[in-house]
Amino acid sequence: MNSSEGTLSRWFSRSIANRLAVATATGIACVVLLLAALAYGQGRTLLLHHAHDELRGDAALLAQRLSLLLEASETEVAGLAANSLVGNALLDSSGRSAYLGPFLRDLRSRSKFAATLTLTDHLGKALVLNAPAAAPDFRRAPWLESLMSSGKPVVRLSGTEQPVLLLAYAVVVPNSMLPDGTLVLEVPLAPMFAEAMMPLRSNASARLFGSEGGTELASLRHDEIAPGSGLTVSRDVGVAESMAPLGLRLELTVARAEALRGLGTMTLTIGAVGILTLLLGAWIAHAGMHRSLRPLRTLAQLSERIRIEQRFDVAVPDCGRDEIGELARSFDHLMASVREAQHDLETKVDLRTAALEHIRARLDAVQRQMNDALLVIAANGCIDSFSGAAERLFGCTSAEAVGRGVGRLLPTWVSLVARSAVAVGADFRFGAR
Amino acid sequence: MLVGLDAEFGHATSTSAQAIEQGARIAIDEVNRAGGMLGGRQLALETRDNRGVPTRAVQNLRDLAANPDVVAVLTGKFSPAVLECVPVAQQLRLPLLATWSAADGIVDHRQAPSYVFRLSLRDDWAIEAMIRRARAIRARRIALLLPNTAWGRSSLAAAERHLRMPGSPKLAATGWYNWGDKTLLAQYQQARVAGAQALLLVANEVEGSILVNEMARLPATERLPVISHWGVTGGRFFAMASPAIRDVDFAVVQTYSFVEADDAVAQRVLAALRERYGIDDPRRVESPVGVAHAYDMVHLLAMAVNQAGSTDRPRVREALERLPGHQGLVRLYRPPFSAARHEALDAANVFLARYEADGALVRLDARR
């Protein structure tokens, strides 16, 4: 951990570009997080709105299909009630089962909903029906009397466990123009509801209610939805006036989780885009800064080269007109000043050297003219100058003597001088070379 | 003492129930004026409307049977309604007096003792007369147009029997229709295409008038002679089929006509019709067979009650089987019924008639 922290710290402190990239990435991350939060909230709202709209659309579609199916049933039974074969059967006691029975059974076999059709007399007694089950008995049906007296079709819901739509039409005998029987269609609502439900887009649960106490008539549940955890849309099933008393109402419910199913994907998408933006931003910041700092690096390299090569005649390249360019130009001016100072110094050195050469030449001439041997001894005891007389005195050339310790030529003298130095407390040592 | 009448009063275009009621009331008046029955008990008519619907007829019959004063019940035109009543009458042991319905099964029900007595036509006789008419007009191929009811099936059975006779025309086609159908043209054209030269029609006034009106719109060469069962005369057929009826050769089965009837009984009934119902011309008597049959049937019932000495229905039934001869309006009954025969008329009473311009039904063989 410490190692990685150290590496990160070194990387962080190594370059302004690195620091700027981190700063940019941090900024972008903040912005992305903010945007993501906003997008999440907005997306959630939009998804809920969308789910609501979809539910409403599905409810409208379902209501329309259900309405069509109901009206088709109504149209069918109304048409049959007015069919001369049915009216004829009402008048034909002995033979009606032979032709109306197969006719009605054929209708049932073609029906998707196993609807039961029953022809009854005016007392509600079944005369012919199309189902193999026991004949229904409508003799005590509460609607029979009003149907027989008014001829107005009856539309009701019956049954609790398996609700059934009951459509009863008066069969009017030709020319009496009065009801003398009924044709009763009983359609199980559940399969009809399922048929209407088929093309729904949403994965909604649907329930059908009737007006009588809001009784649930049919339901199609894709899943169980806990109360309060779903979106619900209610809609009346628009039907013809004759069916209006049924008060059919649809309720479509979809779980919130289902409605927000796209939210996870959206969040992931936003996150991925944010991370990409973050990386891209950091890279752009890093690359941009890296490019901006390139003149600085050039200046640093120039400085290093000047230091190593001790050359001050290096030209600083043009670095633009920004702050770094200004710095480069200042560096260039500084180098010009250094070059000028060096030139002055070298001139002075040359003059001083010439003066020293002159002094030395005069000194050499003096030594050469002297008859006394002259030795100049440096502080370290080595012979620094050896005159001609000394050559002759000591029997060695100046070249041989210079640089050698004086002790080799004058050991006694040296011992004497050393003792004198000790006596006065001075540190005086002659070289042994 | 009551005699019930359950008939199709509520049928919008039917006149048969009203005709039966007229004949019955005239006879009841005569019986009551003659001192009544069983030592002076007056007879009255109790009517019910079945609209031609079998279940209503049964309900009415049960209602009437529940009244102990009802000694017997007259029935109306619609054979299916009467057929539905037969087993109920047998069960209730209530004499059922058919005065119009012609289905053979009404009397031929094979339940003994039978409580059903008919003073009317049988489909068998009607079809026989119709085929005879077809032969008379030299139709070698005929077609049948029948209602999809017991009446139609009864007529078909009769036709098949009679068409097996030597010299009978061939059956080219059989068409069926439902009561309440709005057109019969398809069946008619099918018969014509099949080569029929005459059409034997079994229909009431509604379908009969539809056919005649449709035929009249066809070219004259495409109109077949129509020989009709008498159902059409039980309603306002002439009005409904006019003026098309003038363009169609239309003959119809009948058992009685007041036109040219000059016997004492007819004069008495015509006087009563004039007095009671304002019908001052025998040509204006609507559904004459209903009037005549009901008139005779009520007289026969009165005779039976008197003979039985009781209104006990089984005894009245027995008395009906043992009645003496009686000169009625339609015929001389010698005797009307027996234990083996519950038909008061026979094939000899059947004739063909035609509508004249004023709507009067006149025998085809009437004096001109």
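Visitor: How many bridges join strand 6 of chain B to strand 7 of chain B, and do they run parallel or antiparallel?

Guide: This is a predicted model, so keep that in mind throughout. Strand 6 and strand 7 of chain B run parallel, and seven bridges join them. Pick one bridge to follow: L144(B) has T174(B) in strand 7 of chain B as its partner.

Visitor: What should I know about side chains in a strand?

Guide: In a regular strand the side chains alternate between the two faces of the sheet.

Visitor: How many residues of strand 6 of chain B are buried?

Guide: Six of its seven residues, which span 141–147, are buried. Strand 6 of chain B is therefore largely enclosed by the rest of the structure.

Visitor: Which strands in chain A pair in the antiparallel sense?

Guide: Take strand 3 (residues 154–158) and strand 4 (residues 164–172) of chain A. Five bridges hold that antiparallel pairing. L157(A) stands opposite L165(A) in strand 4. The two strands form a hairpin with five residues between them. In that hairpin, G159(A) takes a positive phi near 80 degrees.

Visitor: Now a loop residue. Where is S168(B)?

Guide: Look in the loop between helix 6 and strand 7 (170–177) of chain B.

Visitor: Is S168(B) buried or exposed?

Guide: Compare its relative accessibility with the cut-off: buried means under 20%. S168(B) has 12%, so it counts as buried.

Visitor: What does the side chain of S168(B) reach?

Guide: It reaches the backbone oxygen of M165(B), at 2.8 Å. Leaving out residues up to four places away in sequence, S168(B) also touches R135(B), H162(B) and L163(B).

Visitor: On to salt bridges. How many are there over all chains?

Guide: The count is 32 over all chains. Read each one in steps: find the partners, place them, then check their exposure. Start with E195(A) and R65(A), whose side chains meet at 3.9 Å, N to O. E195(A) is in helix 6 (residues 189–197) of chain A, and R65(A) is in helix 2 (residues 16–82) of chain A. They are 130 residues apart, so the pair links distant parts of the chain.

Visitor: Are E195(A) and R65(A) buried or partly exposed?

Guide: E195(A) counts as buried, at 16% relative accessibility. R65(A) is partly exposed, with 27%.

Visitor: Which residue forms a salt bridge with E195(A) at 3.0 Å?

Guide: K112(A) does, with 3.0 Å between the closest N and O atoms. K112(A) sits in the loop between helix 4 (96–110) and strand 1 (116–121) of chain A, while E195(A) is in helix 6, so the pair ties together parts 83 residues apart in sequence. K112(A) is exposed, with a relative accessible area of 60%.

Visitor: Where do E309(A) and R305(A) lie?

Guide: Both lie in helix 9 (residues 294–309) of chain A. They are four residues apart, about one turn of the helix. Their salt bridge has its closest N and O atoms 3.6 Å apart. E309(A) counts as partly exposed at 38% relative accessibility. R305(A) counts as partly exposed at 40%.

Visitor: Which residues do salt bridges that share partners join into one network?

Guide: In chain B, the network joins D104(B), D108(B), R118(B), R122(B), D124(B), R161(B) and E343(B).

Visitor: Last topic, the interface. How is its size given?

Guide: The size of an interface is often given as the accessible area lost when the parts come together. Here chain B and chain A bury about 1900 Å² between them. Carbon and sulfur atoms carry 50% of that. In chain B, R51(B), T55(B) and W179(B) lose the most area to chain A, together 28% of what that side buries.

Visitor: How many residues does each chain give to the contact?

Guide: Chain B gives 23 residues, and chain A gives 23 residues.

Visitor: How many salt bridges and polar contacts lie between the chains?

Guide: There are four salt bridges between chain B and chain A. One of them joins R56(B) to D180(A), with the closest N and O atoms 2.1 Å apart. Twelve residue pairs are in polar contact across the interface, both residues at pLDDT 80 or more.

Visitor: Which elements of chain B give two or more residues to that side?

Guide: They are helix 2 (54–65), helix 3 (79–92) and helix 6 (150–163) of chain B. Helix 2 of chain B gives the largest share, four residues. By type, the side of chain B that touches chain A has eight nonpolar, ten polar and five charged residues.

Terms used:
Residues numbered from 1 in each chain as written. Chains lettered and ligands numbered in written order. Predicted model: local features only at pLDDT ≥ 70, side-chain atom pairs only at ≥ 80, totals over all residues. Heavy atoms only, no water. Contact = heavy atoms within 4.5 Å. Buried area = accessible area lost by both parts, 1.4 Å probe. Polar contact = N/O pair within 3.5 Å; in protein donor to acceptor, adjacent residues only side chain to side chain. Nonpolar A, V, L, I, M, F, W, Y, C, P; charged D, E, K, R; others polar. Buried < 20%, exposed > 50% of the residue type's maximum accessible area, 1.4 Å probe, protein only. Pairing = 2+ DSSP bridges.
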